[in-house]
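Biologist: Hi, could you walk me through this model? I'd like to go spot by spot.

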Amino acid sequence: MFDRFRRTRINPTLRALVRETSVSADDFIYPLFVRTGSGIKTEVDSMPGVYQMSLDEILKECAHLQTLGLNSIILFGIPDVKDSIGSDSLCEHGIIANAVREVKKAYPDMFVVTDLCFCEYTDHGHCGIIDEKDTINNDATLEISAQQAIIHAKAGADMIAPSGMMDGIIQTLREALDGAGYENLPIMSYSTKFASGYYGPFRDVAESTPSFGDRSSYQMDPANRREAIAESVSDELQGADILMVKPALAYLDIVREIKDATSLPMAVYNVSGEYAMLKMAGMNDLIDYERVVMETMVAFKRAGADIIISYHAKEVALMLQNKV
Ligand code: PBG
Ligand code: ZN
């Protein structure tokens with residue numbers, strides 16, 4: 001008996017020749033958290049290696065990212081003042097608009113993606129407008145989402161990534177952007193976003209834990225596979241340019257199925273809780289950290305992801321340059 005594949009495994013060069021999946025720095029979007037002030041770089045307790053930064057520090061970080069071959073970032077804002085409708089995100093001089101303008105001015109080649117949502121900007125921490133019954137008002141949220149998209153576009157964003165999963169958001173944003181002359185601005189939809197415990201550490205960084213209730217009326221039940229596919233297919237029909245599955249690790253079956261069901265590029269969001277798990281295990285010498293990180297990234301690509309949004313991006317870029 002012989003295993004026909006064994007002959008192509010022995011020699012490392014041949015192994016590389018036949019390898020089906022590869023990871024490179026240009027697969028990644030690196031998340032950055034911006035807040036007001038200067039000289040601020042505060043490490044997040046639950047995510048060692050991830051920081052809240054003031055804009056001056058963000059600019060320094062962009063220079064560093066480019067030396068690593070990382071040319072795409074997704075920006076999240078932490079405003080000083082939060083209110084019921086997330087006004088800071090609707091203002092041309094809000095935290096995100098300022099950050100996008102400054103980054104694009106200093107680094108015109110940096111591809112700047114904006115997360116479009118309200119949970120970081122609202123005092124109640126929900127992803128949209130809440131009506132009297134403490135439920136999300138979907139249509140009112142669509143209206144202000146269109147305003148937020150125009151703010152991002154005017155500031156110079158290269159791609160808009162709506163993450164609130166409101167019904168009809170993609171069509172609303174596409175029409176708003178086209179109407180304002182931004183026909184060429186792509187939309188990456190958080191099209192299949194599960195109600196997940198894996199977002200815990202992010203809510204610490206973004207200071208966006210809901211003050212009541214949870215997000216299960218607008219995020220998906222992890223148990224539902226067909227609904228997961230339908231949500232992404234619906235966003236494709238509404239005009240999304242890139243689809244996304246979030247979180248990544250526990251949902252790779254869904255990534256593959258959506259990849260096969262649509263013709264759009266796919267992103268995965270390797271979320272905060274996934275990062276924290278590997279980081280903590282690595283820091284406690286429970287796993288070979290670099291090896292497990294790379295194995296995880298390969299798994300995302302193998303499942304069908306074209307884009308990986310990950311807090312590991314800098315480490316991966318270093319590994320690819322053989323510096324770790
Ligand atoms: C905003 C948003 C969240 C994440 C990305 N965009 C938080 C949430 O949905 O609660 C999570 C990212 C992560 O956990 O790393 N809506
Ligand atoms: Zn949100």
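Modeller: Happy to. One term before we start: a residue counts as buried when its relative accessible area is under 20%, and as exposed when it is over 50%. Also keep in mind that this is a predicted model.

Biologist: Thanks. Let's try that out: is M165 buried or exposed?

Modeller: M165 is buried, because its relative accessibility is 11%. You'll find M165 in the loop between β6 (159–162) and α5 (169–179). Its backbone is worth a look too, as M165 has a positive phi of about 55° without being a glycine.

Biologist: And D285, where is that one found?

Modeller: D285 sits in the loop between α9 and α10. D285 is not a glycine either, and it has a positive phi of about 55°. With a relative accessibility of 69%, D285 counts as exposed.

Biologist: Let's move to the metal. Which protein donors does the zinc ion (ligand 2) have?

Modeller: The SG atoms of C117, C119 and C127 are the protein donors, and they lie 2.2 to 2.3 Å from the zinc ion. Along the sequence, the donor residues follow the spacing C-x1-C-x7-C.

Biologist: What geometry does the site of that zinc ion have?

Modeller: The site is tetrahedral, with 4 donor atoms and angles of 93 to 129° among them. As for the cysteines, C119 and C127 are both buried.

Biologist: New topic: helices. How do α8 and α10 run relative to each other?

Modeller: Their axes cross at roughly 30° and come within 8 Å. Angles under 35 degrees count as roughly parallel, and α8 and α10 are therefore roughly parallel to each other.

Biologist: Which residues make that contact?

Modeller: On the α8 side, L252, V255 and R256 take part, and on the α10 side A299, F300, R302 and A303. By type, the residues of this contact are 5 nonpolar and 2 charged, with no polar ones.

Biologist: What about α11, how many of its residues are buried?

Modeller: In α11 (residues 313–320), 6 of the 8 residues are buried, so the helix is largely enclosed by the rest of the structure. The buried ones are A313, K314, E315, V316, A317 and M319.

Biologist: And what do those buried residues pack against?

Modeller: They pack against β1 (28–35), α2 (55–67), α9 (272–283), α10 and β10 (307–310). Just past the helix, N322 takes a positive phi of about 55°.

Biologist: OK, one for the lysine fans: where is K246 placed?

Modeller: K246 is in strand β8 (residues 243–246). Its relative accessible area is 10%, so K246 is buried. Leaving out residues up to four places away in sequence, K246 touches Y190, T192, K193, F194, Y199, Y269 and V271. Of K246 and Y199, I can add that they are 47 residues apart in sequence, while their C-alpha atoms are 9.6 Å apart in space.

Biologist: What is the peptide bond from K246 to P247, cis or trans?

Modeller: That bond is cis, with omega near -10°. P247 itself belongs to the loop between β8 and α8.

Biologist: Last one, S72: what is it in contact with?

Modeller: Apart from neighbours within four places in sequence, S72 contacts F28, I29, Y30, M110 and F111. S72 is part of strand β4 (residues 72–78), and S72 counts as buried because its relative accessibility is 18%.

Notes. Residues are numbered from 1 along each chain as its sequence is written. Chains are lettered from A and ligands numbered from 1 in the order in which they are written. This is a predicted model: local features need pLDDT of at least 70, side-chain atom pairs count only at pLDDT 80 or more; totals for chains, interfaces and linings use all residues. Side-chain values use heavy atoms; hydrogens and water are left out. Donors are N, O and S atoms within 2.8 Å of the metal (3.2 Å for Na, K and Ca); water is not among the atoms, so sites may look incomplete. Four donors count as tetrahedral if all angles lie between 85 and 135 degrees; four count as square planar and six as octahedral if opposite donors are over 155 degrees apart and all others between 65 and 115; anything else is irregular. Buried means under 20% relative accessible area, exposed over 50%, partly exposed in between (1.4 Å probe, protein chains only). Axes are lines fitted to C-alpha atoms, for helices over the stretch in contact, and angles run from 0 to 180 degrees between N-to-C directions. Helices (H or I, at least four residues) and strands (E, at least two) are DSSP runs, numbered from the N terminus. Angles under 35 degrees count as roughly parallel, over 145 as roughly antiparallel, 65 to 115 as roughly perpendicular and the rest as oblique. Contact means heavy atoms within 4.5 Å. Ala, Val, Leu, Ile, Met, Phe, Trp, Tyr, Cys and Pro count as nonpolar, Asp, Glu, Lys and Arg as charged, and the others, Gly among them, as polar.
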